[in-house]
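This report goes through one protein model and the two ligands written with it. Please keep the structure in view while reading.

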Amino acid sequence: MIGGTSRLEGYRDCQVCAVEEKMRARRCHYCIGQLGLRELMYLEIKKRRRRRVAPYLSALVPGLGHWYSGRRYVGTYFFLMAPLSFGLAIATYQRWNWGIAVMILSMALVWLIAMVDSRKGPYYFAPPCQISCPGDVACSRYVHLAAEGKDLEALELVEAVCPFPGTIGRICHHPCETDCNRSKDGEAVAICALKRFVDDHSQRSSNFYLREIERDSVSLGKRVAVVGAGPSGLSAAVFLRVLGFDVTLFDAMKMGGGTPTMFAPGYRLPRAVYAREVDRILETGIEQRFGEILGADFTLQDLQNEGFSGVYLALGAMRSVKLPHTGDRSQGFLDGREFLAEVIKGDIQELPGDVLVIGGGNVAMDVARSAIRCRADNVRIICLEKRPEPRERQYHHDGNEWTEIKPLETGEFMPAWPWEIEDTVEEGVEIIDSGATISFAVEDGRVVQAECQEVLRVDTDDQGRLIPVLRDGSSFAVKADWVITAVGSSPDYTALGGPPAMLSVREEVPLVLLPSLDGMSIPVLAGGDFVRGPASVIEGISAGREAAMYLYQRIMGDPDLSIRFRRRIIFRPWSNYADSHDRRMRRKQVVNASGRARKTFDEVYLGFEKRVAREEADRCIRCDWPLVRESKVRRYVRSLREGGSDDRESAGG
Ligand code: SF4
Ligand code: SF4
């Protein structure tokens, strides 16, 4: 056993101990869980600032940027390396010659590397799951807390960055699982479903955000307007409240919630789950001005005149893309998003006849599965792209290396997530991939048939639009009493007088500054789908949180918190983590088989049972503890070389 103590690991991402308050004693190393959410955000704001400033300092003196951002050993190394190479050149070659030139060049190289490397900022070792998560959720830590039965602590760790754990635990596309190290020797840890598990099973006694706001109440006396009450806007609003701003939330609809409220079908996301999370945010003292439309009822200039110090636009991508060769509603042509909204409201309950859905994205899958539940006779999806391989990524092991095997790049693949496609097919939807509708036959004012053709390949034009190349002589017909178009949506920039200039604020998340809006002197940020077009919910949530921190720094400057970074080292014995066959296999969620069979809108996946969840969480090998990870991979590789069986407890002890 490698010594150490688990006490050092705080559920609120213990900084061991990066934080000290000005004029007050340095925080204790064992302040487990005592770091408030506001302080954590202050810490992140300062980290971002240090990352921005560090390269400039390293340009002045190599290594200075590293010192500033807390990596002192690395900084000292660079500080010594540059003059050393110069001094060595002088000492070795007294007169100018090529030797001196080479040494000076290497000094310049060291200088340059010091500048680039200092951008990394403070030392922080994140596991691959966390690096892949657009929301920067500390996956390995909450999974581990779930394994230990600390569900509430796990939940609060998620809530520190994502105010929608129940929603995200059901609908996230979980790139974290794609990159999970477990998937290299078996199946990825069910990181997403475990988030839902801790949300379902935690005994909450209070509103987490309200408690954090009241815990050390601060009012900055500044107002911020958030326009758009979807996941991104709500996320920005709650984190702005945590930071101490007075927040006013605008939305064109009469209620908050945005896209998931309007378009997410109940079999994927029960309305009550999302509504509870929205209400929890609205309870934090956010002024609500619902039913007011930007561009019609107020302008950005009005917000500035009203005394707001900053604006965040999270208006989503609400304009559906139309296909020119389709007809109107009376003929049986529907828009996919309108159809979903009407199904959710209960305006459409039955859709008799044959339904043809056009599109290969996630919305098309939702439309098709909803049509099945509206008792359509046959539901087919037609899309330009090919169906993807069933498994997104596979790995090949050779010697000591894991190599990723990608599906053959023979053409464009359907943009829907592979598991959504599999579920859709399982429910009885037929997918006609590599196909395009050319025209529609209409009889007595109703569509009866789609004329289609096979797609040879899909090209894109310079604006990113898909241009199908059709195979000659490959026409076919598909019976259709309803044609529902779900080929994407785009942001509506009408209220801003057209697409604005956008200055990226953070590369990793869709968040931009709109720098040249007429007459505006306050910062106006835009984020989420409004910037990048329809993307994942977690990206929108992340953009909202980043917007809150960016606005804080623009309006208030640096937070009043001094930090000293230290290397964070936690030792743990690896003997707890045996690579048995059982541990490589992912546990299954309970499936509502009767609901699926009866084609109801009841939720299909019902989450983990308690015991199964603990087992699943215990499969995580804690890649954020480097010693653990290295030993695990090496031991597993050795067991393969020695021809050991899959069941071998390769990490015994
Ligand atoms: S095994 Fe655990 S820590 Fe490692 S990538 Fe997967 S979830 Fe993350
Ligand atoms: S938010 Fe999504 S990507 Fe991030 S950890 Fe959760 S499931 Fe994974």
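In this predicted model, helix 10 gives the most to the shell around ligand 2, with 3 residues. Helix 10 covers residues 191-201, and together with helix 9 (175-178) belongs to the elements that give two or more residues to this shell. In total, 14 residues surround ligand 2. The closest of these residues are Cys133, Cys172, His174, Cys176 and Cys192.

Ligand 1 has its own surroundings. There are 16 residues around ligand 1, and those that come nearest are Cys129, Ser140, Cys180, Cys620 and Cys623. Two elements, helix 5 (128-132) and helix 6 (139-147), give two or more residues to the shell around ligand 1. The largest share of that shell comes from helix 6, with 3 residues.

What kinds of residue make up the two shells? The table lists them by class.

| Shell | Nonpolar | Polar | Charged |
|---|---|---|---|
| Ligand 1 | 11 residues | 2 residues | 3 residues |
| Ligand 2 | 11 residues | 2 residues | 1 residue |

In the shell around ligand 1, then, 11 residues are nonpolar and 3 are charged. The shell around ligand 2 has 11 nonpolar residues and 1 charged residue.

The next part concerns the protein as a whole. Its chain folds into 24 helices and 21 strands. Of the 653 residues in the protein, 43% are buried. Contacts across the sequence can also be counted. Among contacts between residues at least 6 apart in sequence, 70% join residues at least 24 apart.

Some of the strands can be followed one by one. Strand 2, made of residues 223-227, pairs with strand 3, made of residues 246-251. The pairing is parallel and runs over 5 bridges. Within this pairing, valine 227 stands opposite phenylalanine 250 of strand 3.

Which element joins strand 2 and strand 3 in a β-α-β unit? Helix 12 (residues 231-243) does, and the unit that it makes with the two strands is right-handed.

Strand 3 also pairs with strand 4, which spans residues 287-290. This pairing too is in the parallel sense, over 4 bridges. Here threonine 248 has glutamate 287, in strand 4, as its bridge partner.

Taken together, strand 3 is paired with strand 2 over 5 bridges and with strand 4 over 4 bridges. A reader can trace this part of the model by starting at strand 2, passing through helix 12 and ending at strand 3.

Conventions
Residues are numbered from 1 along each chain as its sequence is written. Chains are lettered from A and ligands numbered from 1 in the order in which they are written. This is a predicted model: local features need pLDDT of at least 70, side-chain atom pairs count only at pLDDT 80 or more; totals for chains, interfaces and linings use all residues. A residue is near a molecule or strand if its C-beta atom, placed from the backbone, lies within 6 Å of it. Ala, Val, Leu, Ile, Met, Phe, Trp, Tyr, Cys and Pro count as nonpolar, Asp, Glu, Lys and Arg as charged, and the others, Gly among them, as polar. A residue is buried if 20 or more other C-beta atoms lie within 10 Å of its own, exposed if 12 or fewer, and partly exposed in between; C-beta atoms are placed from the backbone. Two residues are in contact if their C-beta atoms, placed from the backbone, lie within 7 Å. Two strands pair if DSSP finds at least two bridges between them. A crossover is right-handed if, with the strands pointing away from the viewer, the path from the first strand over the helix to the second runs clockwise.
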